[in-house]
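The exercises below are meant for someone meeting this structure for the first time. Please look over the sequence and the model, and try each task before reading its solution.

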Amino acid sequence: AVILPPSPARDVAHHETDPGRGRLPTPFWIAWLFIFVTVGVEFSFVVWGTSVVSARTGLAVADATRLGSLFVGGMIAGRLILSTGVGSGRRSLTFLRLCIGLAAIGAMLTWAGTTQVMAGAGLFLGGMGASAFYPLGVGLALARAPSFPVRASARLTLSSGSAIFAAPLVLGVIAQLVGVVAGWSLVLGLLGAGFFILTKLHGGEGSEAGIAAPLPAPAAPPRD
């Protein structure tokens with residue numbers, strides 16, 4: 001008989017296969033919900049942020065839209081910071097809490113700002129805070145379902161896509177009823193929900209903490 005030597009790469013591939021049956025673990029769905037509410041925040045800024053700025057500052061819609069590019073600038077700045085490794089690993093939950101706080105400050109400045117400077121600062125800070133939600137949220141979710149990478153990825157696409165559709169739509173309905181400025185409170189509510197969800201992801205070890213459990217050591221080859 002041919003005896004194959006231990007292969008870490010082969011062992012990792014075997015460990016991470018998606019068997020196509022079994023349930024995704026509950027911690028994964030908690031992270032799924034975090035992605036849903038925080039992507040909703042991001043696209044509420046994208047779709048309705050300039051309308052809030054226009055209503056609060058009196059700027060024309062075209063001028064408010066140009067000011068809205070600061071949100072994208074904040075997103076780019078935040079992603080560049082993330083690319084340095086800040087917030088990775090065990091620090092991701094703490095970093096996400098800080099980003100929720102930063103996005104909340106941005107949302108409140110956008111909401112309350114009656115000058116271009118305040119509104120622009122709010123949009124930029126909101127973009128910086130929101131930049132971490134999806135990439136770090138996906139990392140947390142996948143780490144909680146290491147045996148189901150394919151199904152987990154598909155469910156996460158459903159989470160973000162649903163949020164992109166639903167959050168701006170709901171905010172628009174509220175805006176029709178009470179005005180876009182009052183409706184902006186939905187964004188703060190979603191951020192509060194995101195912070196609460198993160199408290200449910202805290203604690204535990206191994207995969208429960210967002211870190212995949214270590215692989216078992218490969219068996220030693222038999223000796224003659």
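**Exercise 1.** Find which helices the buried residues of α7 pack against.

*Solution.* Begin with the residues themselves: in α7, those that are buried (under 20% relative accessible area, whereas exposed means over 50% and partly exposed lies in between, with a 1.4 Å probe and protein chains only) are R151, A152, L156, S159, S160, A163, A167, P168, L171, G172 and A175. Next, look for their partners, taking contact as heavy atoms within 4.5 Å: these residues pack against α2, α6, α8 (180-183) and α9. Helices here are DSSP runs of H or I with at least four residues, strands are E runs of at least two, and both are numbered from the N terminus. The model is a predicted one, in which local features need pLDDT of at least 70 and side-chain atom pairs count only at pLDDT 80 or more, while totals for chains, interfaces and linings use all residues. Residues are numbered from 1 along each chain as its sequence is written, and side-chain values use heavy atoms, with hydrogens and water left out.

**Exercise 2.** Compare the end-to-end span of α7 with the expected one, and locate its bend.

*Solution.* The expected span is 1.5 Å times one less than the number of residues, so the 30 residues of α7 should span 44 Å, and its end C-alpha atoms, 43 Å apart, agree with this. Now follow the axis: α7 bends by about 25° at A163, where the bend is the angle between axes fitted to the seven residues ending there and the seven starting there. A163 is also one of the buried residues of α7. Finally, step past the end of the helix, where G179 follows with a positive phi, near 100°.

**Exercise 3.** Work through α2 in the manner of the previous exercise: what is its span, and where is its kink centred?

*Solution.* The 32 residues of α2 should span 46 Å, and the 44 Å between its end C-alpha atoms agrees with that. The kink, of about 55°, is centred on W48. After α2 comes G58, whose phi is positive, near 85°.

**Exercise 4.** Explain why the buried residues of α9 can be said to line one face of the helix.

*Solution.* List them first: V187, L190, L191, G194, I197, L198 and L201 are the buried residues of α9. Seen down the axis, they fall within an arc of 120°, and so they line one face of the helix; the arc is that of the directions from the helix axis to the C-beta atoms. On the other side, F196 and K200 are exposed. The cover over the buried residues of α9 includes α2 (26-57), α4 (92-112), α6 (133-143) and α7 (149-178). L191 gives one example, for, leaving aside neighbours within four places in sequence, L191 is in contact with V41, I100, A103, A104, A107 and F133.

**Exercise 5.** Identify the residues that touch the most other members of the largest nonpolar core, and the helix that gives the most to this core.

*Solution.* A nonpolar core is a set of buried Ala, Val, Leu, Ile, Met, Phe, Trp, Tyr and Cys residues joined through side-chain atoms within 4.5 Å. Of the 50 residues in the largest one, F28, F45, L96, F133, V187 and L191 touch the most other members. At least two residues each come from α2, α3 (61-82), α4, α5 (116-130), α6, α7 and α9, and α2 gives the most, with 11 residues.
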